[in-house]
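This report describes how one protein chain is held together, from its overall plan to individual side chains. Please keep the sequence and the structure at hand while reading.

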Amino acid sequence: MMGMGLVKGGKRRVVMVMVVMLVTISMMQSVSGVLHKLGGNRYQGWRSNYNYTQWSMNEHFIVGDWLYFGYERSLFNVLQVNQSGYENCITENPIKNVTGGAGRDVFQLLRPITYYFTTSEGTYCQNGMKVAIPVVNAPPTPTPSKSTANDDHSV
């Protein structure tokens with residue numbers, strides 16, 4: 001009798017482990033996204049004299065994607081600002097200071113909005129060192145359509 005209880009309990013544990021694994025995998029897939037290297041360069045993507053508008057127009061940003069800012073930490077920083085701050089290079093009271101330690105910073109795009117980034121160092125923002133990132137929701141996954149072969153009622 002005691003052996004039967006252990007077998008049933010073991011089966012429940014296996015089922016629970018499998019459920020937890022499936023939930024974890026599905027969560028990982030929903031939070032993972034594409035890593036966009038700003039400016040297309042891993043180490044010096046966030047730099048002066050670069051057309052970030054052109055770069056962002058050639059990318060497609062979806063909720064859950066990531067931005068990677070690689071830059072010279074002694075020269076620049078990365079600030080998330082609002083649209084007015086972006087347009088007028090106003091960097092006081094940013095939404096978020098993305099700047100981390102070594103100039104290798106990531107930022108996850110969590111909502112379907114336009115994110116704005118710039119630097120507060122020198123006159124780099126006024127000279128174009130800023131980027132607008134338009135983010136959209138992922139398109140819905142297509143559902144399999146029913147075959148119309150069985151619906152043909154012609155004689």
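## A disulfide and its surroundings

Cys89 has a relative accessible area of 15% and is therefore buried, since buried means under 20%. The model discussed here is a predicted one. Cys89 is joined to Cys125 by a disulfide, with an S to S distance of 2.1 Å. A search of the whole structure finds 1 disulfide. Cys89 belongs to the loop between α3 (83–88) and β5 (96–97), and Cys125 to the loop between β7 (114–118) and β8 (130–136), so the bond ties together parts that are 36 residues apart in sequence. The link of Cys89 and Cys125 is left-handed, with -85° about the S-S bond. Cys125 also counts as buried, at 2% relative accessibility.

## Overall plan and confidence

The secondary structure of the protein consists of 3 helices and 8 strands. Read from the N terminus, the elements follow the order α-β-α-β-β-β-α-β-β-β-β. The protein has 155 residues, and buried residues make up 30% of them. Among contacts in the protein with a separation of 6 or more, 68% are between residues 24 or more positions apart.

The average pLDDT of the protein is 81, and 72% of the residues score at least 70. Over residues 14–30, however, the pLDDT is below 50, and this stretch has 0 contacts in the model beyond near neighbours in sequence.

## Aromatic side chains

How many aromatic pairs does the count come to? The count comes to 10 aromatic pairs. Two of the edge-to-face pairs are set out in the table.

| Aromatic pair | Centre to centre | Angle between the planes |
|---|---|---|
| Trp46 and Phe69 | 5.5 Å | 85° |
| Phe107 and Phe117 | 5.1 Å | 80° |

The pair of Trp46 and Phe69 links distant parts of the chain, 23 residues apart: Trp46 lies in the loop between β1 (35–37) and α2 (52–57), and Phe69 in strand β3 (residues 66–70). Both Trp46 and Phe69 are buried.

The pair of Phe107 and Phe117 likewise links distant parts of the chain, with Phe107 in strand β6 (residues 104–108) and Phe117 in strand β7, 10 residues apart. Phe107 counts as buried at 8% relative accessibility, and Phe117 is buried with a relative accessible area of 0%.

These four residues take part in one aromatic cluster, formed by Trp46, Tyr50, Tyr52, Phe69, Phe107, Tyr115 and Phe117. A further ring, that of Tyr86, has Lys130 over its face, at 4.9 Å from the ring centre.

## Nonpolar cores

In soluble globular proteins, nonpolar side chains tend to be buried together. In this model, the largest nonpolar core has 19 residues. Which residues have the most contacts inside it? They are Trp46, Leu67, Phe69, Phe107, Leu109, Phe117 and Ile133. The elements α2, β3, β7 and β8 each supply at least two residues of this core, and β8 gives the most, with 3 residues.

Ile133 shows how such a residue is surrounded. Leaving aside neighbours within four places in sequence, Ile133 is in contact with Trp55, Ser56, Phe61, Leu67, Leu109, Ile113, Thr114, Tyr115 and Phe117. Apart from the largest core lies another core, of 5 residues, including Leu79, Tyr86, Tyr116 and Ala132. Tyr86 is thus a member of this other core and has Lys130 over its ring face.

Key. Residues numbered from 1 in each chain as written. Heavy atoms only, no water. Disulfide = S-S within 2.5 Å. Helix = DSSP H or I, 4+ residues; strand = E, 2+ residues; numbered from the N terminus. Buried < 20%, exposed > 50% of the residue type's maximum accessible area, 1.4 Å probe, protein only. Phe/Tyr/Trp six-rings, centres within 6.5 Å; stacked < 30°, edge-to-face > 60°. Lys NZ or Arg CZ within 6 Å of the ring centre and 35° of its normal. Core = buried A, V, L, I, M, F, W, Y, C linked by side-chain atoms within 4.5 Å. Contact = heavy atoms within 4.5 Å. pLDDT = per-residue confidence, 0-100.
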